[in-house]
2 protein chains.
Amino acid sequence: MKRESVTNRLLDELPARDRERLLGGCEPVELEFGEILAEPGEILRDVYFPTGSFVSLVLKVNNEASLEVALVGNEGMLGAPLALGVNTKQVHAVVQGPGRAWRMSAARFRSELGSSRALLQVIHRYLFVRVSQLEQTAGCNRFHVVEERLARYLLMTADRSHSDRFRITHEFLAYMLGVRRVGVTRAATALRSRKLIRYARGDITILDRKRLIGAACGCYRADLATYDRILAPPRKSGD
Amino acid sequence: MKRESVTNRLLDELPARDRERLLGGCEPVELEFGEILAEPGEILRDVYFPTGSFVSLVLKVNNEASLEVALVGNEGMLGAPLALGVNTKQVHAVVQGPGRAWRMSAARFRSELGSSRALLQVIHRYLFVRVSQLEQTAGCNRFHVVEERLARYLLMTADRSHSDRFRITHEFLAYMLGVRRVGVTRAATALRSRKLIRYARGDITILDRKRLIGAACGCYRADLATYDRILAPPRKSGD
DNA sequence: ATTCGTCTGTGCGGTATCGAACGCATTGCT
DNA sequence: AGCAATGCGTTCGATACCGCACAGACGAAT
């Protein structure tokens, strides 16, 4: 089910030479579910390039409500804002999918940004994608019903876990979507009754990916399109 | 009411030498209400540094609903993502407050970014602020009621128009907040009955700024704090 | 085997907002 | 002066979601 030797797509974009040097400054780490990689206000010590793992960035509002503002897997990285010269986080970074990642010290990453023009360009483009997807998510949270948002979120999670089956509870989903747990249960029940998903005690399986995409709002497809358009070729006039 | 000789705060951050050279590449323009400066998918031709004017960035969802994702006045600029090497917009840029702005060609701006380290740093920090405020807005749209959001929005507009009195209709506010016009009317009526604002046919006046801040959600103050923390001194280790 | 904690399902009343429709006042145009 | 357009206010029923509460079902630990 789970593909082997998953790599990081940002690193894949780099020329072999730049990638090798970057990886030379990285160490492989195994991230565990629930691990906190950063808290708001902290100085950012390390950056992460997930390969098998993925990380939720969660915003807390009024110290009670919460909402996920980004989901970072092997298509991205944690700590990209360092490229903007700011070394603090505004949000919580929580490991949602356990697995491997490359870790590099913030200082080394900044130094690498200075040495590799290709790296800078990729990170810049990735930041742009993140902004675009954040805009999309803002609209999604405002206009789309829980069931559509849940479907979108499950698809995003499946993509980043490289599997149609993964672990996540209704409680956790509620936390990420900024709704009540009961709201998730209702939406999940609806999706299940349509045979799009199956689940039991935190073990979720996507049964019909195509139709689940249909049940999700267009934001899922829009996110994918944005990523492909900005981060994949064709390269135009340089950075 | 309206202060004279309003400048742009990003430009103000630059050393005099860099600012002068940048302004040398700019021309002053007078932006009119409703003018469209950019549409999604277009190639970005010019960047703008508003001084007296301000511009709404509006996201369209499903070609029907709409939502403002940023409000750019003399505290910011339009076209900052060029610094990320991407020259297209995802959103609509509509002039909401008429007035002056400095305009510069996208090409020249990119060239200036290469020549002025101070400029690059300021733009980078501004981008970070925009991301943070976007995250805040995403949460705001999800959790806060229309009345709070309206109060916040009026305060933001007042700040950028450098006046407690400005023109904006309920219809337009509804468009920006992503709610029905009737929803705005109800919220506005409530604020008026509390003597926080006064309005008639698109002519809005903030009567009690302090208490209006109290009526707004904390997102307004949070945005201001983020801006001051990131863009104002103290400068730390470099970009 | 029993207990306990976790995960999921259901039911109830309350509320913010929606969609649609209509009335009225002011402004601007001819 | 007359007329149309614009801006604002109100009402109606519908709906999505909320907060709270409780009940069953499964799994792990003692």
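Chains A and B meet through a contact that takes 31 residues from each of them, 31 from chain A and 31 from chain B. This is a predicted model, so keep that in mind as you scroll around it. A rotation of 180 degrees superposes chain A on chain B, and two DNA strands, C and D, sit by residues of both chains.

**Where chain A touches chain B**

- Three elements of chain A each supply at least two residues to the side that touches chain B: β4 (54-61), β5 (65-72) and α4 (117-143).
- The top contributor on that side is α4(A), which gives 15 residues.
- Sorted by class, the side of chain A that touches chain B has 16 nonpolar residues, along with 11 polar and four charged ones.

**How the two copies relate**

- In general, two copies of a chain are related by a rotation about an axis plus a shift along it.
- Here the rotation is 180 degrees, the shift along the axis is 0.0 Å, and chain A lands on chain B with an RMSD of 0.0 Å.
- That is the relation of a two-fold axis.
- Both copies use the same surface, as 100% of the contact residues of chain A recur in chain B.
- Want a residue to find the axis by? Pick A:A138, whose C-alpha, at 2.2 Å, comes closest to the rotation axis among the residues of chain A.

**Around DNA strand C**

- DNA strand C is surrounded by 18 residues, and the closest are A:T169, A:H170, B:V145, B:V179 and B:G183.
- Two or more residues of this surface come from each of α6 (170-177) of chain A, α7 of chain A and α7 of chain B.
- α7(A) gives the most to the surface near DNA strand C, namely five residues.
- The class breakdown near DNA strand C is seven nonpolar, six polar and five charged residues.

**Around DNA strand D**

- For DNA strand D the count of surrounding residues is 17, with A:V145, A:V179, A:G183, B:T169 and B:H170 as the closest.
- The elements giving two or more residues here are α7 (181-193) of chain A, plus α6 (170-177) and α7 (181-193) of chain B.
- α7(B) has the largest share of the surface near DNA strand D, with four residues.
- By class, the surface near DNA strand D splits into seven nonpolar, six polar and four charged residues.

Methods:
Residues numbered from 1 in each chain as written. Chains lettered and ligands numbered in written order. Predicted model: local features only at pLDDT ≥ 70, side-chain atom pairs only at ≥ 80, totals over all residues. Contact = placed C-beta atoms within 7 Å. Nonpolar A, V, L, I, M, F, W, Y, C, P; charged D, E, K, R; others polar. Least-squares fit on C-alpha atoms with pLDDT ≥ 70 in both. Near = placed C-beta within 6 Å.
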